[in-house]
Amino acid sequence: MAKRVLVVEDNELNLKLFCDLLRAHGHEVLPLRDGRDVLAQAQGFLPDLVITDIHLPHVSGLDLIISLKADERLSAVPIMAVTAYAGQGDEDRIRAAGAQAYVSKPISVLRFVEQVNALL
């Protein structure tokens with residue numbers, strides 16, 4: 001059964017890669033480039049998983065995670081954070097905000113798919 005995955009990524013190549021991988025595994029995907037649209041779109045789409053970049057323009061991925069977890073309809077949706085800027089303590093902060101998984105860029109396709117499958 002297809003799962004619904006919301007992908008938030010401002011880099012076009014990464015967005016295409018993530019969406020192509022998810023579609024190849026039979027998932028329905030809603031791609032978003034702007035974090036300001038996430039809550040409204042997620043409430044309408046009702047995803048089974050959210051994948052978000054952490055470094056986005058306008059709204060940080062950490063703030064998105066906190067907002068999603070604070071929303072009654074979306075709080076149970078697992079979140080996978082993806083970031084190229086993995087510094088000391090970043091994973092702890094991202095997980096403390098509510099993300100269930102963390103993948104650093106450049107991504108390993110196998111690790112990305114394994115994490116998605118583990119969350120769905």
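Across which strands does α5 lie, and at about what angle does α5 run to β4? In this predicted model, α5 lies across β3, β4 and β5, and its direction makes about 160 degrees with that of β4.

**The sheet**

The strands that α5 crosses belong to an open sheet of five strands, whose order is β2-β1-β3-β4-β5 and whose pairing is parallel. The edges are taken by β2 and β5, each of which has a single partner strand, so one side of each is left without a neighbour in the sheet. From one strand to the next the twist averages 15 degrees.

Strand β1 pairs in the parallel sense with β2 over five bridges and, also in the parallel sense, with β3 over four bridges. V5 has a bridge partner in each of these strands, namely V29 in β2 and L49 in β3, while V8 stands opposite L32 in β2. Because four of the five residues of β1 are buried, this strand is largely enclosed by the rest of the structure. The connection from β1 through α1 to β2 makes a right-handed β-α-β unit.

**Helices on the sheet**

Two of the helices can be described by their relation to the strands, as set out below.

| Helix | Strands touched or crossed | Angle between directions |
|---|---|---|
| α3 | β1, β3 and β4 | about 160 degrees with β3 |
| α5 | β3, β4 and β5 | about 160 degrees to β4 |

Helix α5 spans residues 109–119, and its buried residues are F112, V113, Q115, V116 and L119. They cover an arc of only 160 degrees around the axis, which puts them on the same side of α5. An α-helix has 3.6 residues a turn, so residues three or four places apart point the same way. The exposed residues L110 and A118 are carried by the face of α5 that is turned away from its buried side. The packing partners of the buried residues are the helix α1 (12–24) together with the strands β3 (49–53), β4 (79–83) and β5 (101–104).

**The nonpolar cores**

The largest nonpolar core has 22 residues, of which L6, V38, I65, L68 and I94 touch the most other members. Two or more residues are given to this core by each of β1 (4–8), β2 (28–32), α2 (38–45), α3 (61–70), β4 and α4 (90–97). Apart from this core lies another, of 19 residues, which includes F18, L21, L49 and V113.

For V38, the contacts beyond its neighbours within four places in sequence are with L6, V8, L32, L64 and L68. L6 and L68 are thus named both as contacts of V38 and among the residues that touch the most other members of the largest core.

**A residue of β3**

T52 lies in strand β3 and is buried, with a relative accessible area of 1%. Not counting residues up to four places away in sequence, T52 touches V8, G61, L64, I65, I79, M80, A81 and V82. Among these contacts, V8 and L64 are also in contact with V38, and I65 is one of the residues that touch the most other members of the largest core.

How values were computed:
Residues are numbered from 1 along each chain as its sequence is written. This is a predicted model: local features need pLDDT of at least 70, side-chain atom pairs count only at pLDDT 80 or more; totals for chains, interfaces and linings use all residues. Side-chain values use heavy atoms; hydrogens and water are left out. Buried means under 20% relative accessible area, exposed over 50%, partly exposed in between (1.4 Å probe, protein chains only). The arc is that of the directions from the helix axis to the C-beta atoms. Contact means heavy atoms within 4.5 Å. A nonpolar core is a set of buried Ala, Val, Leu, Ile, Met, Phe, Trp, Tyr and Cys residues joined through side-chain atoms within 4.5 Å. Two strands pair if DSSP finds at least two bridges between them. Axes are lines fitted to C-alpha atoms, for helices over the stretch in contact, and angles run from 0 to 180 degrees between N-to-C directions. A crossover is right-handed if, with the strands pointing away from the viewer, the path from the first strand over the helix to the second runs clockwise.
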